[in-house]
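User: I would like to go through the labels on this structure one by one. For each, tell me what value stands behind it.

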Amino acid sequence: MNNIVIYLMLLVGTLLGAFGGFYLKKSTAKEGVIGIVLSPFLYIGGFSYLISAILNIIVLKYLPYSVVLPLTSITYIWSIVIAHYFLNEKITKIKIYGIIFIIIGAIFISI
């Protein structure tokens, strides 16, 4: 399989993982366990995580574990962006520094 396709699958998987966490967070807006279980966001988040895990397994077939696992830290970048745009959370200087270090690390790992 083409390396570009593999890395795109990894990127999409990390994005789906971040949205999975976002939807699970939204599912907790309901009161009590019953409210959470009945929330459609719980199932959207779980499905997003499932697809993310499947993509991760496929990527692991083609890339070494020592490369794939560190690159999944891109999920943290997606999470910060999603939290900023959908939950109105602030992006602080510390978070920006963290994003920069994740990007630098991802570049070093993938080279």
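**Labels and their grounds**

Analyst: Start with a loop residue of this predicted model. Serine 39 touches Ser27 and Lys30, leaving aside residues up to four places away in sequence. Serine 39 lies in the loop between α2 (32-38) and α3.

User: Why is serine 39 called buried or exposed?

Analyst: Its relative accessible area is 0%. Buried means under 20%. Serine 39 is therefore buried.

User: How do you know whether serine 52 is buried or exposed?

Analyst: Serine 52 has 13% relative accessibility. The cut-off for buried is under 20%, so serine 52 counts as buried. Its place is in helix α3. Serine 52 touches Gly13, Leu16 and Gly17, not counting residues up to four places away in sequence.

User: What makes the pair of phenylalanine 22 and tyrosine 23 an aromatic pair, and of which kind?

Analyst: The centres are 5.1 Å apart. Rings pair if their centres lie within 6.5 Å, so this pair qualifies. The angle between the planes is 65°. Over 60 degrees counts as edge-to-face, so the pair is edge-to-face. The structure holds six aromatic pairs.

User: How are the two partners, phenylalanine 22 and tyrosine 23, classed by accessible area?

Analyst: Phenylalanine 22 has a relative accessible area of 10%. That is under 20%, so phenylalanine 22 is buried. Tyrosine 23 has 22%. Partly exposed lies between the 20% and 50% cut-offs, so tyrosine 23 is partly exposed.

User: Which residues form the aromatic cluster?

Analyst: Phe19, Phe22, Tyr23, Phe41 and Phe86 form one cluster. Phenylalanine 41 has a further partner: the charged end of lysine 26 sits over its ring.

User: What makes you say that lysine 26 sits over the ring of phenylalanine 41?

Analyst: The charged end of lysine 26 is 5.0 Å from the ring centre. The distance limit is within 6 Å, and the charge must also be within 35 degrees of the ring normal. The distance fits, and the charge is classed as sitting over the ring.

User: Which residues make up the largest nonpolar core?

Analyst: It has 10 residues: Ile6, Met9, Leu10, Leu55, Val59, Leu63, Val67, Val68, Leu71 and Ala106. Helices α1 (3-27), α3 (40-62) and α4 (65-71) each supply at least two residues of this core. Valine 67, one of the core residues, touches Tyr7 and Ile109, not counting residues up to four places away in sequence.

User: How do you know that the length of α6 agrees with a helix of its residue count?

Analyst: Helix α6 covers residues 93-110, which is 18 residues. At 1.5 Å a residue it should span 26 Å. Its end C-alpha atoms are 26 Å apart, so the two agree.

User: What makes the buried residues of α6 lie on the same side?

Analyst: The buried residues of α6 are Ile99, Ile102 and Ala106. They cover an arc of only 60° around the axis, which puts them on the same side of α6. What covers them includes α4 and α5 (74-87). The face turned away from the buried side carries the exposed residues Lys93, Ile94, Phe101 and Phe108.

User: How does the span of α5 compare with the expected value?

Analyst: α5 has 14 residues and reaches 19 Å from its first C-alpha to its last. The expected value at 1.5 Å a residue is 20 Å, so the span is close to it. Its buried residues are Ile74, Thr75, Ile77, Ile82 and Ala83. They pack against α1, α4 and α6.

User: What follows α5, and what is the sign of its phi?

Analyst: Asparagine 88 follows α5. Its phi is positive, about 55°, although asparagine 88 is not a glycine. Its place is in the loop between α5 and α6.

User: Why is asparagine 88 called buried or exposed?

Analyst: Asparagine 88 has 67% relative accessibility. Exposed means over 50%, so asparagine 88 counts as exposed.

User: And the protein overall: how many helices and strands?

Analyst: There are six helices and zero strands. Of the 111 residues, 27% count as buried. Among contacts between residues at least 6 apart in sequence, 67% join residues at least 24 apart. The C-alpha atoms fill a box of roughly 45 × 35 × 20 Å along the principal axes.

Conventions
Residues are numbered from 1 along each chain as its sequence is written. This is a predicted model: local features need pLDDT of at least 70, side-chain atom pairs count only at pLDDT 80 or more; totals for chains, interfaces and linings use all residues. Side-chain values use heavy atoms; hydrogens and water are left out. A nonpolar core is a set of buried Ala, Val, Leu, Ile, Met, Phe, Trp, Tyr and Cys residues joined through side-chain atoms within 4.5 Å. Buried means under 20% relative accessible area, exposed over 50%, partly exposed in between (1.4 Å probe, protein chains only). Helices (H or I, at least four residues) and strands (E, at least two) are DSSP runs, numbered from the N terminus. Contact means heavy atoms within 4.5 Å. Rings of Phe, Tyr and Trp (its six-membered ring) pair if their centres lie within 6.5 Å; planes under 30 degrees apart count as stacked, over 60 as edge-to-face and the rest as tilted. The arc is that of the directions from the helix axis to the C-beta atoms.
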